[in-house]
Amino acid sequence: DMTETKNQKVLTGNILSFDFGERRVGVAIGNNITNNIHPLETIEASKKIDRYSKIESLLETWKPTQLIVGYPLNDDGSQSRMSSLAKKFGKKLKNKFNIPVHFVDERFSSSEAELRLKALEKNLKKRKHIIDQVAAMIILDSYFESGKNSDALSL
């Protein structure tokens, strides 16, 4: 619908979100036209090169217009070691694939993921594997709710 989108500079289309972890990266996909969000994949790769080649094939498949990375802060809002690792990860994505990257404060995403999972009542074996994807979904959800990056850091 042209009337709504005419004066918005928001890129429409698929958005991939990442819940960054040193061992696992959860990935979710959303669409900022429908605001639908789905779990996509948990990337388990001990080698960085494998991690980025898996991400590359996801990007080729889904052709996202932007990427969202969860930005982990301590409860008091201060930066942690994970904050700088997540920021490095986001910068690498931006430089390697040349797609806009936004960071979203994910302080509450993992605990919220646990709560949502309990509500979904997945069996325990599956839970660990899907929790990163659910966290990535929640990161994308809070991106949508924050009015598309009003307070998100952008690269």
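User: Which residues is S83 in contact with, leaving aside its neighbours within four places in sequence?

Analyst: Y71, P72 and L73. Contact means heavy atoms within 4.5 Å. This is a predicted model: local features need pLDDT of at least 70, side-chain atom pairs count only at pLDDT 80 or more, and totals for chains, interfaces and linings use all residues. Residues are numbered from 1 along each chain as its sequence is written, while side-chain values use heavy atoms and leave out hydrogens and water.

User: Why does S83 count as buried?

Analyst: Its relative accessibility is 0%. Buried means under 20% relative accessible area, exposed means over 50%, and partly exposed is in between (1.4 Å probe, protein chains only). The value for S83 is under the buried limit, so the label holds.

User: What makes M82 partly exposed rather than buried?

Analyst: M82 has a relative accessible area of 23%. That lies between the two limits, so M82 is partly exposed. Its contacts, again without neighbours within four places in sequence, are F20, G21, E22 and P72. F20 is 62 residues away in sequence, yet the two C-alpha atoms are 8.7 Å apart.

User: Where do S83 and M82 lie?

Analyst: S83 lies in helix α3, and M82 lies there too. Helix α3 covers residues 81-97. Helices are DSSP runs of H or I with at least four residues, strands are E runs with at least two, and both are numbered from the N terminus.

User: What makes the pair of E22 and R81 a salt bridge?

Analyst: Their closest N and O atoms are 2.8 Å apart. A salt bridge needs a side-chain nitrogen of Lys or Arg within 4 Å of a carboxyl oxygen of Asp or Glu, so this pair qualifies. E22 sits in the loop between β1 (14-19) and β2 (24-31) and R81 in helix α3, so the bridge ties together parts 59 residues apart in sequence.

User: Why do E22 and R81 get their exposure labels?

Analyst: E22 has a relative accessible area of 43%, so it is partly exposed. R81 is at 55%, over the upper limit, so it counts as exposed.

User: How many salt bridges does this rule give?

Analyst: The count is 2. D132 and R24 also meet in one, at 2.7 Å from N to O. D132 belongs to helix α5 (residues 124-145) and R24 to strand β2, so this pair ties together parts 108 residues apart in sequence. D132 is at 8% relative accessibility, under the limit, so it counts as buried.

User: Why is I139 called buried?

Analyst: Its relative accessible area is 0%, so the buried label follows. I139 is also in helix α5. The C-alpha atoms of I139 and Y71 are 9.0 Å apart, with their positions 68 residues apart along the chain.

User: What makes the positive surface patch?

Analyst: K48, K88, K92 and K96 form it. Lys and Arg count as positive and Asp and Glu as negative, with His and the chain ends not counted. Patch residues have over 30% relative accessible area and no salt bridge; like charges are joined within 9 Å, nonpolar side chains (Val, Leu, Ile, Met, Phe, Trp, Tyr) within 5 Å. K92 is at 39%, so it is over the area limit. That value also makes K92 partly exposed. K92 lies in helix α3, the element that gives the most to the patch, with 3 residues.

User: What is unusual about the phi of K63 and N98?

Analyst: Most residues other than glycine have a negative phi. K63 has a positive phi of about 45° and is not a glycine. N98, also not a glycine, has one of about 55°. K63 is in the loop between α2 (48-62) and β4 (66-71). N98 is in the loop between α3 and β5 (101-105). K63 is at 59%, so it is exposed. N98 is at 62%, so it is exposed as well.

User: What is the order of elements in the protein chain?

Analyst: From the N terminus, they run α-β-β-β-α-β-α-β-α-α-β. That gives 5 helices and 6 strands. Of the 155 residues, 42% count as buried. Among contacts with a separation of 6 or more, 63% join residues 24 or more positions apart.

How values were computed. Accessible areas come from the Shrake-Rupley method with a 1.4 Å probe; for residues, only the protein chains shown count as cover. The place of a charge is taken as NZ of Lys, CZ of Arg, CG of Asp or CD of Glu.
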